[in-house]
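Let's take a look at the open spaces in this protein. Where do they sit, and what lines them?

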Amino acid sequence: MKKIIFSIAVAIVLLYAHKTTAQPWSIGARGGLAIPNLSAGSGSEVNPLNKGYSSRVGAGFGVFVEVQTSKLFSLQAMVEYSQQGGQKNGFQAIPVPKQIAPLLGAQGPRYLYADLDSKAKLNYLMVPILAKFGWDLGAQKKWRIYAGAGPFAGLLLSAKQVTSGNSQVYFDEGKTKPVPANPTNPSAGILTLPFDNTQNIEDRIRSFNFGLSGNVGLTFKMKRNAIFIEGGANYGLINIQKGTANGKNKSGAATIMLGYAYSL
């Protein structure tokens, strides 16, 4: 069902481009910097595994078609690649590693704590459709400022959890209860594990996302050509995890983009 919804969204973009030839319209491309993050929910949606994410640096680029319906108003449909996710660096909760779960027994904890770097790298194909308002500046109207907002549909392309580091492991966040290297021999010292790993987590992440997108920008026009710079953001309204074991997060990103448009 989700793939059908996404296919309909793509079809709307293609149909939109075909039906707007009677109005002034343009095609173009944009690309630049994305600064994504993962925001935790509240209450039962939060646990030590999904809280504490900070922004990471990513990228985004796309192609679009835009129709000018009046001097102030236009509609823009885009297909874009967007990097999402977040990172946690330092002491943090981790799922109990499979290699030590048998040592802790059936009544062991749901998660442990260690010092490592962790990045959630999520890549989406997104289709935003924006309503844009713009104003020409100057006597020659070469400059134009604008603001746009609207919904987007997103299809997950890939999802990976990348970790690195080497750390002693603890039962608690305060580092007062170390995990013994050998539970039957306390003198064996504290358990230390390597965390250099890249794990495919697509089976844990929903394949479809839906949310809101917006931007503000400045355009410089040269006859049929135009270049622009814009800053914006997108925010997903659907929790990205399929289950509840790792808590619930929503994805989003701030963006800084450069682009080119050609009027037809």
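What follows is a quick tour of two pockets and their linings. Keep in mind that this is a predicted model.

**The largest pocket**

Start with the largest pocket, which holds about 850 Å³ of space. It has 35 lining residues, and the ones closest to its centre are Pro-95, Gln-161, Thr-163, Gln-199 and Arg-204. Several strands chip in at least two lining residues each: S3 (73–95), S4 (111–137), S5 (143–164), S7 (192–194) and S8 (197–200). Of the lining's contributors, S3 has the largest share, with 5 residues.

**The second largest pocket**

Next up is the second largest pocket, with about 620 Å³ of space. Here 32 residues form the lining, and Ser-26, Glu-66, Gln-68, Arg-144 and Lys-221 lie closest to the centre. The strands that each give at least two residues to this lining are S1 (25–40), S2 (58–68), S3, S4, S5, S9 (208–222), S10 (225–236) and S11 (249–263). This time S4 gives the most, with 5 residues.

**What the linings are made of**

Here is how the lining residues split by class.

| Pocket | Nonpolar | Polar | Charged |
|---|---|---|---|
| Largest pocket | 18 residues | 13 residues | 4 residues |
| Second largest pocket | 12 residues | 9 residues | 11 residues |

So which strand should you look at first in each pocket? For the largest pocket, try S3, the strand with the largest share of the lining; for the second largest, try S4, which gives the most.

Notes. Residues are numbered from 1 along each chain as its sequence is written. This is a predicted model: local features need pLDDT of at least 70, side-chain atom pairs count only at pLDDT 80 or more; totals for chains, interfaces and linings use all residues. Side-chain values use heavy atoms; hydrogens and water are left out. On a 1 Å grid over the protein atoms alone, a cavity is a set of points where a 1.4 Å probe fits but cannot get out, and a pocket is an open set with protein on both sides within 12 Å along at least five of seven lines; lining residues have an atom within 4 Å of a point. Grid points are joined across faces, edges and corners, and a volume is the space filled by probe spheres set on the points. Helices (H or I, at least four residues) and strands (E, at least two) are DSSP runs, numbered from the N terminus. Ala, Val, Leu, Ile, Met, Phe, Trp, Tyr, Cys and Pro count as nonpolar, Asp, Glu, Lys and Arg as charged, and the others, Gly among them, as polar.
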